Amino acid sequence: MQFMLLFSRQGKLRLQKWYVPLSDKEKKKITRELVQTVLARKPKMCSFLEWRDLKIVYKRYASLYFCCAIEDQDNELITLEIIHRYVELLDKYFGSVCELDIIFNFEKAYFILDEFLLGGEAQETSKKNVLKAIEQADLLQEVRYFNVPVN
């Protein structure tokens with residue numbers, strides 16, 4: 001995976017994760033182009049499209065679009081499954097995730113993504129294991145915040 005973008009129906013970028021080095025100017029240009037392209041597509045259209053030398057795979061959940069760019073030889077269905085798995089993880093963590101959860105807890109959304117994907121590849125396919133790692137990190141953060149000694 002080259003990158004993942006989350007944006008609203010209004011075109012507001014909510015999360016971006018880049019797995020290839022690009023300049024900020026290029027990232028903004030790509031983001032603007034893709035958001036316009038995806039939002040212009042009709043709901044019944046296919047969730048895959050060829051763009052530049054990449055394949056774009058996207059899925060809309062409620063008011064958010066999850067959009068990934070993959071190499072030409074990569075599997076679109078696996079990418080759709082990765083998007084769905086990430087949404088399931090967000091749902092489990094936030095309890096029916098919504099756009100406001102991403103806006104106000106963006107650091108947690110990034111953390112969950114980083115526990116699930118590493119360098120654009122799925123590092124852990126088990127939702128249970130990812131959620132356990134997030135739970136442990138939350139517990140550690142609480143301990144540090146309240147300055148409670150760890151046994």
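A pocket here is an open set of points on a 1 Å grid over the protein atoms alone, where a 1.4 Å probe fits and protein lies on both sides within 12 Å along at least five of seven lines; lining residues have an atom within 4 Å of a point. Grid points are joined across faces, edges and corners, and a volume is the space filled by probe spheres set on the points.

Before you start clicking, note that this is a predicted model, in which local features need pLDDT of at least 70 and side-chain atom pairs count only at pLDDT 80 or more, while totals for chains, interfaces and linings use all residues. Residues are numbered from 1 along each chain as its sequence is written, and side-chain values use heavy atoms, with hydrogens and water left out.

**Stop 1: the largest pocket**

Select Val-38, Arg-41, Lys-42, Pro-43, Met-45, Ser-47, Tyr-58, Lys-59, Arg-60 and Tyr-65, and you have the lining of the largest pocket. Its volume is about 200 Å³. Now colour strand S4, residues 54–61: this strand gives the most to the lining, with 3 residues. Helices (H or I, at least four residues) and strands (E, at least two) are DSSP runs, numbered from the N terminus. Colouring by class shows 5 nonpolar, 1 polar and 4 charged lining residues. In this scheme Ala, Val, Leu, Ile, Met, Phe, Trp, Tyr, Cys and Pro count as nonpolar, Asp, Glu, Lys and Arg as charged, and the others, Gly among them, as polar.

**Stop 2: the second largest pocket**

Next, pick Met-1, Ile-70, Asp-74, Asn-75, Ile-78, Thr-79, Ile-82, Gly-120, Glu-121 and Ala-122, which line the second largest pocket. This one has a volume of about 160 Å³. Which elements supply at least two residues of this lining each? They are H2 and strand S7 (121–122), and H2 gives the most, with 3 residues. By class, the lining has 5 nonpolar, 3 polar and 2 charged residues.

**Stop 3: the nonpolar cores**

Now hide the surface and go inside. A nonpolar core is a set of buried Ala, Val, Leu, Ile, Met, Phe, Trp, Tyr and Cys residues joined through side-chain atoms within 4.5 Å. Buried means under 20% relative accessible area, exposed over 50%, and partly exposed in between (1.4 Å probe, protein chains only). The largest core has 27 residues, and Met-4, Phe-66, Tyr-86, Leu-90 and Leu-117 touch the most other members. Strands S1 (3–8) and S5 (64–70), together with helices H2 (76–94), H4 (106–116) and H5 (127–146), each supply at least two residues of this core. H2 gives the most, with 7 residues.

Centre the view on Met-4. Leaving aside neighbours within four places in sequence, Met-4 is in contact (heavy atoms within 4.5 Å) with Leu-15, Gln-16, Lys-17, Cys-67, Cys-68, Ile-83, Tyr-86, Leu-113 and Leu-117. There is also a second, separate core of 16 residues, and Leu-5, Val-35, Trp-51 and Ile-56 are among them.

**Stop 4: Ile-134**

Move along to helix H5 and select Ile-134. Is Ile-134 buried or exposed? Ile-134 counts as buried, because its relative accessibility is 0%. Beyond its neighbours within four places in sequence, Ile-134 is in contact with Tyr-93, Lys-108, Phe-111, Ile-112 and Glu-115. Draw a distance between the C-alpha atoms of Ile-134 and Lys-108: it reads 8.9 Å, for residues 26 apart along the chain.

**Stop 5: the salt bridges**

A salt bridge is a side-chain nitrogen of Lys or Arg within 4 Å of a carboxyl oxygen of Asp or Glu. How many does a search of the whole structure find? It finds 9 salt bridges.

- Try Glu-99 and Arg-14, whose side chains meet at 2.8 Å, N to O. Glu-99 sits in helix H3 (residues 99–104) and Arg-14 in strand S2 (residues 13–18), 85 residues apart. Glu-99 is buried, at 14% relative accessible area, whereas Arg-14 is partly exposed, at 26%.
- Then take Arg-52 and Glu-33, with the closest N and O atoms 3.1 Å apart. Arg-52 lies in the loop between strand S3 (48–51) and S4, and Glu-33 in helix H1 (residues 24–40), so the pair ties together parts 19 residues apart in sequence.
- Finish with Lys-127 and Glu-88, where the closest N and O atoms are 3.4 Å apart. The pair links helix H5, home of Lys-127, to helix H2, home of Glu-88, across 39 residues. Add Glu-81 and Arg-85 to the selection: salt bridges that share partners join Glu-81, Arg-85, Glu-88 and Lys-127 into one network.
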